[in-house]
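Please look through the sequence and the structure shown here before reading on. The questions afterwards are meant for someone meeting them for the first time.

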Amino acid sequence: MKEFIILGVVTFFSLVTYYLVEPYAHHVMHPHVDSKHFAYADLPALEKVGNAEDGANTFMAGGCIGCHNVESIGMMTGMDALASAQAFGGVNPPDLSNAGTIYDEKFLADLIRNPAHATMVEHKFSDVKPHPMPPFYGAGGDMDQEVADIVAYLKSIAKPAEEITPAMAYNNACGRCHSLKYEGWTQMGEKPNFKYKKDELRYDANVLEYQEGVTKYMGKLPPDLSMYYKSRGAHFIETFIEDPQTHLAGTAMPRVGVTADSAEKIVEHLADSADTKRVERESIAKNVMIYLLIFTIFAYLWKRQVWKELH
Amino acid sequence: MAHFEKAKSIHDWLDQRLAIDKVNKVMQTEYWIPKNINFLWAMGMVLVITFMMLLVSGIFLLMYYQPNIATAFDSVNYTIMREVEFGWLWRHVHAVAASVVFLIIYIHMFTGIYYGSYKKGREMIWISGMLLFVAFSAEAFSGYMLPWGQMSYWAGMVITNLFSLGSLEMNGIVEWIRGDYVPAQAFLTRFFMLHVLLVPLAIMALIGIHFAALRIPHVNNQDGDEFDYDEESAKYLAGDTKGSKVIRFANDFLSKDLFVVAVYLIFFFYLVFWNYGFAMDPVNFDPADGLKTPAHIYPEWYFLWSYEILRPFSKDIGLMAFGFAQVIFVLLPFLDRSPNVAPANRRGPFAIWFWLMIVDLIALTAMGKLPPEGIFSTIGLYAAVTFIALWVALPFITMMEKKK
Ligand code: HEM
């Protein structure tokens with residue numbers, strides 16, 4: 001009985017200390033930001049019902065394919081990532097094949113009309129220094145309808161959410177700015193395996209050049225995200241990409257406008273990078289615990305047997 | 001030369017040469033331990049086991065770790081955590097053990113303080129124990145440098161800066177310790193050496209001394225009773241095991257130790273698999289960057305109380321208070337002027353001293369991590385002053401204590 005009281009006292013002081021230096025201190029140092037569940041409440045809802053067939057024409061006429069690849073329908077700009085980044089202001093515009101699934105529709109509609117507004121970086125751009133993606137000025141008809149049509153078209157060509165892998169979501173929404181070294185990703189794409197050293201050096205030099213361009217565009221080089229799942233945690237990453245400005249007021253990182261589903265996948269991809277063995281950990285944990293439990297029972301029985309003679 | 005006979009068995013062969021029966025008696029079956037003890041007396045064994053886990057997991061990590069500022073971070077976070085089979089397990093075991101060992105050390109220390117196990121012949125146990133505490137602190141700090149993350153770099157910067165001794169501005173010492181103006185390659189290599197060679201050697205030697213120091217005074221017991229070990233052990237050997245006040249180290253004491261160790265291992269591996277975050281600070285998963293100071297710099301939890309004694313004062317006074325905190329526990333056997341060896345709760349004013357000290361250390365620990373603003377720095381200041389006042393008061397409180 002006495003031993004249980006002692007154990008209680010030791011446990012009590014240990015837990016109080018733990019509570020103060022871990023959950024409580026983190027709560028004070030990193031104020032909690034609530035997730036808004038990727039509702040994008042600041043953006044207006046689509047008023048018109050889009051028509052994908054009309055959207056196809058508007059999209060082709062709207063100039064999007066001048067800058068963006070749309071691989072699934074065979075529309076390619078013919079430029080590699082570096083050339084494209086240099087031509088279009090610092091980063092390689094993402095492929096739009098699956099944009100209709102990866103990005104939220106309200107966000108897409110607002111992005112098409114006013115990219116700096118949708119991505120919340122208006123503080124960085126002006127008439128003198130415009131956003132590298134120009135706003136869509138309309139094809140002559142009802143602007144609301146045309147935008148809704150483009151969005152409907154992008155959705156119609158995109159793969160359904162089930163077919164979008166975590167890597168696809170990350171590469172499309174984040175990959176043009178953030179490398180992910182531990183997953184073999186550079187801002188120019190997946191790093192190929194090179195047979196000759198000189199080819200690899202050339203590739204690496206191109207990556208450096210690309211990074212120089214991003215740095216000039218963003219004001220600083222976006223960090224490699226390989227370990228961010230560990231250093232920031234899932235909740236921070238989710239709320240950060242939903243609205244970077246609440247965490248880092250004035251930051252150059254744009255709101256990328258992904259759907260809740262894509263955000264989850266992006267976090268999963270970052271977890272694959274930083275906490276690769278989490279599934280293995282769970283399964284081994286179970287076996288170790290069972291082993292220890294049996295060990296403890298035997299240890300207890302042995303102690304009882306030995307101490308029978310002692311009191 | 002001694003006379004050797006043809007051996008009757010392997011046991012006999014060994015016994016003639018190594019006297020294993022005698023050794024077994026001295027070290028185990030006739031190493032006498034008081035019966036009147038509780039599970040807190042198993043903490044020493046728990047520490048031995050934790051140290052073994054640190055040693056073994058460290059050896060495995062050492063096979064892949066690279067002490068180079070360009071590759072250290074990736075060798076840990078990529079190679080060991082992703083590429084090496086079970087590398088993640090060794091790393092989690094190592095990190096959790098490094099943190100938990102301090103929890104157990106603190107429990108072990110305060111057990112000693114509570115039961116008065118540091119005086120009347122047990123001073124050397126206490127002093128060797130405190131040297132172990134210092135050695136473990138050096139081991140933990142040097143190990144924390146190795147992943148070369150943001151906290152490694154900045155904690156290394158802040159702690160080595162202390163050696164300039166405030167207004168004395170002895171920057172030469174700081175540079176000498178770092179091997180450079182700032183933490184860089186020379187710094188990492190030497191802390192690597194300290195962590196994997198010199199400090200572990202010192203720890204192993206100190207554990208030997210600690211055990212040797214236990215031999216003559218024997219361990220204390222729950223009531224601080226003194227008794228005649230020869231008489232009690234004779235009773236035991238004559239068959240009166242129930243009446244004797246002593247038990248054998250093996251298997252009597254060992255069987256209880258093993259059970260406590262087993263329960264401890266459940267707790268330990270629960271932390272390893274599900275709750276390791278406290279032992280691996282998130283900030284240290286950002287690679288070291290000398291141009292980017294983290295928003296909050298703090299040491300690992302077990303150093304927080306002494307860090308907080310440094311913080312609330314002006315530079316020089318803080319440093320003196322910090323120096324005071326580092327050495328004062330060693331002097332406990334001499335500052336306690338009472339001859340009584342008894343649980344703190346039966347020692348009158350010392351009981352208050354003991355519990356106040358615990359609460360104060362926890363307050364210091366918490367404030368050491370929290371940002372030094374508003375109410376937190378006020379509490380920190382009061383707690384630091386209380387810490388010093390408690391030690392100043394100790395000789396007087398214990399002098400007044402009635403002799404048992
Ligand atoms: C981490 C390294 C350490 C190891 C491996 C270790 C191991 C042990 C062992 C096996 C015992 C005997 C069993 C017991 O009473 O628990 C013991 C006793 C003791 N240790 Fe330690 N110890 C360590 C650190 C310390 C520290 C930091 C202190 C405090 C200054 C300390 C103070 C004592 C005292 C006072 C005793 C005697 C307890 C008594 O007589 O009841 N030890 N230690």
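The questions below turn to chain A as a whole and then to one residue of chain B, in a model that is predicted.

Q: How many helices and how many strands are there in chain A?
A: Chain A holds both kinds of element, and its C-alpha trace spans about 100 × 55 × 35 Å along the principal axes. The count for chain A is 15 helices and 2 strands.

Q: Is chain A more spread out or less spread out than a compact globule?
A: For 311 residues the globule rule gives 19 Å, whereas the radius of gyration of chain A is 26 Å. Because 26 Å is well over 19 Å, chain A is, relative to a compact globule, more spread out.

Q: What share of the residues of chain A count as buried?
A: A residue counts as buried when its relative accessible area is under 20%. Applied to the 311 residues of chain A, this gives a buried share of 43%.

Q: Is B:Asn284 buried or exposed?
A: In chain B, B:Asn284 lies in the loop between helix H11 (249–274) and helix H12 (304–310). Its relative accessible area is 8%, and the cut-off is under 20%, so B:Asn284 is buried.

Q: Which residue has its backbone nitrogen 3.4 Å from a polar atom of the side chain of B:Asn284?
A: Leaving out residues up to four places away in sequence, B:Asn284 touches several residues, including B:Phe73, B:Tyr144, B:Pro147 and B:Gln150. Among these residues, the one whose backbone nitrogen lies 3.4 Å from a polar side-chain atom of B:Asn284 is B:Gln150.

Terms used:
Residues numbered from 1 in each chain as written. Chains lettered and ligands numbered in written order. Predicted model: local features only at pLDDT ≥ 70, side-chain atom pairs only at ≥ 80, totals over all residues. Heavy atoms only, no water. Helix = DSSP H or I, 4+ residues; strand = E, 2+ residues; numbered from the N terminus. Rg over C-alpha atoms; globule rule 2.2 N^0.38 Å. Buried < 20%, exposed > 50% of the residue type's maximum accessible area, 1.4 Å probe, protein only. Polar contact = N/O pair within 3.5 Å; in protein donor to acceptor, adjacent residues only side chain to side chain. Contact = heavy atoms within 4.5 Å.
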